[in-house]
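The following exercises are to be worked with the sequence and the model side by side. Each task is followed by a solution in steps.

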Amino acid sequence: MAAGKVIIIGGGIGGLSAALALLKRGIDAQVYEQSSLMKEAGAGIQIGSNGTRVLYALGLEEALTAVRVLPSARELRHWRTGETWNWFELGETSARRFGTPHLMLHRGDLQVALLNAVKALKPDAIALGKTCVAVSQTAELVEARFQDGTSATAPFVIGADGIHSTVRATLFGPAKPEFTGCVAWRGLIPMARLPDHLHRSVGTNWLGPRGFVLHYPVRRGELMNFVSVVERDDWQVESWVVAGTTGELAKDFAGWHADVQTLIESIETPYKWALMVRGPMETWSKGRITLLGDSCHPTLPFLGQGAVMAIEDGYIVAACIEKYFHDPAQGFARYEEIRRARTANVVRRAQENRAMAFEPRLADENAVANVIAMDWLNVRRRERLDWLYNYDATSIPI
């Protein structure tokens, strides 16, 4: 049974994307997920045109259309006055320009769409409650060992186990993350709790001198996703599942516009995590084992592309395995060759945007118009729309 199989460690968005891409190519894939229940974090996700291009190629257009929000635009707002600037158009404008639309989704809805597509091709493709503790390999096979004492073997293993990847640590040793001095918050709000003027199909970026707030609708407009980042150095736990309080969150954004306060007050349980950075990896494959997504190129949330990079990775690594099935070293070398510069650029741009997101000049209202015109409306719009969204993972020569 091991012949022709690929083991994927991690059942998140990247792991499921890789599994679906492999199964569609006729390659058996088995996903091992440490959780006992397939449940994504309660949070929103933006999928730019470069990501929807891949998801649609994998057959998910109809499923995503049923749960998406198709935003009309992204806008910028001043942290205290609420002054608003149109940043760039999305919706049909973006779809015409890049071929596929920019979507706003609940992460759980995207995971369900991927999961259903995988199970339609292989009903028993997901093994739950399987925490990987180690991987080892011979010239012919890889063995993955799990905390419950079981193991599995296959010719290939893909580590899609996220920022705290066991597969990466086994291959390359423990990572050494550095704290950025930033703490992020997230929460979901039933749209019915919010005043009518906030019921809009747009993505809104609030810009401030020490932080930013982003909110946008998800799940057909039934929920509002809230994400914020603030500069502070008293919390350094890198976990998405640590609950905070609305009081603590409100303190971080004291003095911000009334709309921001309304959003914060409407979150039942906000979650917080420290933002860490890791140095780039020169290689992320050894023999018959490779990595994808946050396991090898974790990205700060200042570009909105972390999950999309994992989706692109999943599609391309599947194509490389198919073409070079009998030469894994060459296949994974080609996978890295295709993805290294692209993912490094995204990681670097996200880090650069961290400094831009916290703009001290925004404390001076008289400087705001010049700051927005120079640094956001011109430079970021051109760069973000062109180099990022034009990338087509489905047509890269393998």
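A residue is called buried under 20% relative accessible area, exposed over 50%, and partly exposed in between, with a 1.4 Å probe and protein chains only. The model is a predicted one, in which local features need pLDDT of at least 70 and side-chain atom pairs count only at pLDDT 80 or more, while totals for chains, interfaces and linings use all residues. Residues are numbered from 1 along each chain as its sequence is written, and side-chain values use heavy atoms, with hydrogens and water left out.

**Exercise 1. Determine which helices the salt bridge between Arg339 and Glu312 ties together.**

Step 1. A salt bridge requires a side-chain nitrogen of Lys or Arg within 4 Å of a carboxyl oxygen of Asp or Glu. The side chains of Arg339 and Glu312 satisfy this with an N to O distance of 2.8 Å.

Step 2. Helices (H or I, at least four residues) and strands (E, at least two) are DSSP runs, numbered from the N terminus. Arg339 belongs to helix α10 and Glu312 to helix α9, so the salt bridge joins parts that are 27 residues apart in sequence.

Step 3. Both partners, Arg339 and Glu312, are buried.

**Exercise 2. Describe the surroundings of Arg342.**

Step 1. Arg342 is located in helix α10, which spans residues 328-357. Its relative accessibility is 8%, so Arg342 counts as buried.

Step 2. Contact means heavy atoms within 4.5 Å. Leaving aside residues up to four places away in sequence, Arg342 touches Asn50, Met309, Glu312, Trp387, Leu388 and Tyr391.

Step 3. A charge sits over a ring if NZ of Lys or CZ of Arg is within 6 Å of the ring centre and within 35 degrees of the ring normal. The charged end of Arg342 is placed in this way over Tyr391, 4.0 Å from the ring centre. Arg349 lies over the face of Trp387, with 4.7 Å to the ring centre.

Step 4. The contact residue Asn50 is among the buried residues of α2. In this helix (residues 49-57), eight of the nine residues are buried, so α2 is largely enclosed by the rest of the structure. Gly59 follows α2 and has a positive phi, near 90°.

**Exercise 3. State the strand order of the open sheet that contains β9, and locate the salt bridges around it.**

Step 1. Two strands pair if DSSP finds at least two bridges between them. The three strands are ordered β8-β9-β10, with antiparallel pairing. β8 (132-137) and β10 (151-154) are at the edges and have a single partner strand each, so one side of each lacks a neighbour in the sheet.

Step 2. Four bridges join β9 (residues 142-146) to β10 in the antiparallel sense. Within this pairing, Ala144 has Ala152 in β10 as its bridge partner.

Step 3. Lys130 and Asp148 form a salt bridge whose closest N and O atoms are 2.8 Å apart. Lys130 is in the loop between β7 (126-127) and β8, and Asp148 is in the loop between β9 and β10, 18 residues apart. Lys130 is buried at a relative accessible area of 17%, whereas Asp148 is partly exposed at 44%.

Step 4. A salt bridge also connects the side chains of Arg145 and Glu143, at 3.5 Å from N to O. Arg145 is partly exposed at 33% relative accessibility, and Glu143 is partly exposed at 27%.

**Exercise 4. Identify the strands that pair with β15.**

Step 1. β12 (residues 178-190) runs antiparallel to β15 and is joined to it by nine bridges. Here Gly187 stands opposite Phe226.

Step 2. β14 pairs with β15 over eight bridges, again antiparallel, and Pro217 has Met224 in β15 as its bridge partner. β14 and β15 form a hairpin with four residues between them, and Arg219 in the turn has a positive phi of about 50°.

Step 3. Eight of the nine residues of β15 (residues 223-231) are buried, so the strand is largely enclosed by the rest of the structure.
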